[in-house]
Amino acid sequence: KNYYWKVVAKNIVDTVVGTGTPWAFTTAGPPPSPFTLNSPANNAVGQPLSGTLMWNSSVFAINYDVYLDGNNPPTTLVVSNLIDTTYPYISLSPGATYYWKVLAKNSDATTTASDAPRNFTLANVPVAPSNVTSSNITTASLDLSWDDNADNETGYRVYRADTAAGQYTQVGSDLPANSVSFFGFPSAILHR
C-alpha cells in the first residue's frame, strides 16, 4: 500500500511558516502463502510423454513460475508469470526422470511449493513387433504371429481395415501373447 507524508514547520502562534515537500513510501504486501504440488505424484512412474503438472493455488500469489528438467533441483524455467495452476508439458523423453517445482509470486515476494521439487518418470515407448506373418488365410479365418521383442510392451492390439488407406478399427482386446487367430476377418494389421 502507498502512504504519503509531509512535515510542516509552525511558529509560536501556530501559523504555518513552511511546508515540506510530500514524500511517499510503499509497504510490502504479504508474501504468497505456502502451497503444495498435486500431480503427478512424487516418484510417479509410467507417466505419459505429454501430460499436465497441477498444484494448489497460493493465497496472495499473482502468478507462478514453473521449472522442469532432469536436474535435481530443476533449473530450467519453462513458463513464467503463469496465472493458472496447471502447466501442460508435451513430448518429453521416454523413460526419463523429470524434476519440477513451482514458485508463487506477487509484486513483493516469491514462495516455493513446500513439497518441491517433485519427480516423475515417463513410460518407455514399446518396441514395435517384428516379423509379422500371416497364415491359414481364408475368407473365414486368419492366423497372425510376430516376434515378441520383449521391450516395454504390456500387450498387443490388432486392427483391421478393408483397404490400406481405410479406417482401421480394433478387432481384439489387449493381447498378452505374440500370436492370435481371427475368424471372419480376411485382412488385419498389427499395431501397438
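**Contacts, pairing and backbone geometry in an all-strand predicted model**

N119 touches A41, N42, N43, A44, T97, Y98, Y99 and W100, leaving aside residues up to four places away in sequence. The model in which these contacts occur is a predicted one. N119 is found in strand 13, which spans residues 118-122. With a relative accessibility of 14%, N119 falls under the 20% limit and therefore counts as buried.

The protein chain contains 19 strands and 0 helices. Of its 192 residues, 30% count as buried. The accessible surface of the chain amounts to about 11500 Å², and carbon and sulfur atoms account for 54% of this area. Among contacts with a separation of 6 or more, 59% are between residues 24 or more positions apart.

One open sheet is formed by 3 strands in the order 5-7-10, with antiparallel pairing. Its edge strands are strand 5 (37-39) and strand 10 (86-89), each of which pairs on one side only. From one strand to the next, the twist averages 25°. Strand 5 pairs with strand 7 (residues 51-55) in the antiparallel sense over 2 bridges. Within this pairing, S39 stands opposite M54 of strand 7. S39 also precedes a cis peptide bond, which leads to P40 with omega near 5°. P40 itself is placed in the loop between strand 5 and strand 6 (44-47).

A second cis peptide bond joins A116 and P117, with omega about -5°. P117 lies in the loop between strand 12 (110-112) and strand 13. Most peptide bonds are trans, and most residues other than glycine have a negative phi. Positive phi values were found at N81 and S91, neither of which is a glycine. For N81, phi is near 60°, and the residue is placed in strand 9 (residues 77-82). N81 is partly exposed, its relative accessible area being 43%. For S91, phi is about 50°; S91 is located in the loop between strand 10 and strand 11. S91 counts as exposed because its relative accessibility, 63%, is over 50%.

The structure holds 2 salt bridges. In one of them, the side chains of K105 and D65 meet at an N to O distance of 3.1 Å. This pair links distant parts of the chain, since K105 belongs to strand 11 (residues 97-105) and D65 to strand 8 (residues 63-69), 40 residues apart. Both K105 and D65 are buried. In another salt bridge, R118 is paired with D115, and the closest N and O atoms are 3.2 Å apart. R118 is buried, with a relative accessible area of 13%, whereas D115 is partly exposed at 25%. Side chains of opposite charge can pair when their charged atoms come close.

On the surface, Y3, W5, V7, W23 and F25 make a nonpolar patch of about 570 Å². Strand 1 (2-5) and strand 4 (23-26) are the elements that contribute two or more residues to this patch. V7, by contrast, is placed in the loop between strand 1 and strand 2 (8-10). With a relative accessibility of 54%, V7 counts as exposed.

Terms used:
Residues numbered from 1 in each chain as written. Predicted model: local features only at pLDDT ≥ 70, side-chain atom pairs only at ≥ 80, totals over all residues. Heavy atoms only, no water. Patch = residues over 30% accessible without salt bridge, like charges linked within 9 Å, V, L, I, M, F, W, Y side chains within 5 Å. Areas by Shrake-Rupley, 256 points an atom, 1.4 Å probe, with all protein chains shown as cover. Salt bridge = Lys/Arg side-chain N within 4 Å of Asp/Glu carboxyl O. Helix = DSSP H or I, 4+ residues; strand = E, 2+ residues; numbered from the N terminus. Buried < 20%, exposed > 50% of the residue type's maximum accessible area, 1.4 Å probe, protein only. Contact = heavy atoms within 4.5 Å. Pairing = 2+ DSSP bridges. Axes fitted to C-alpha atoms, helices over the stretch in contact; angles between N-to-C directions.
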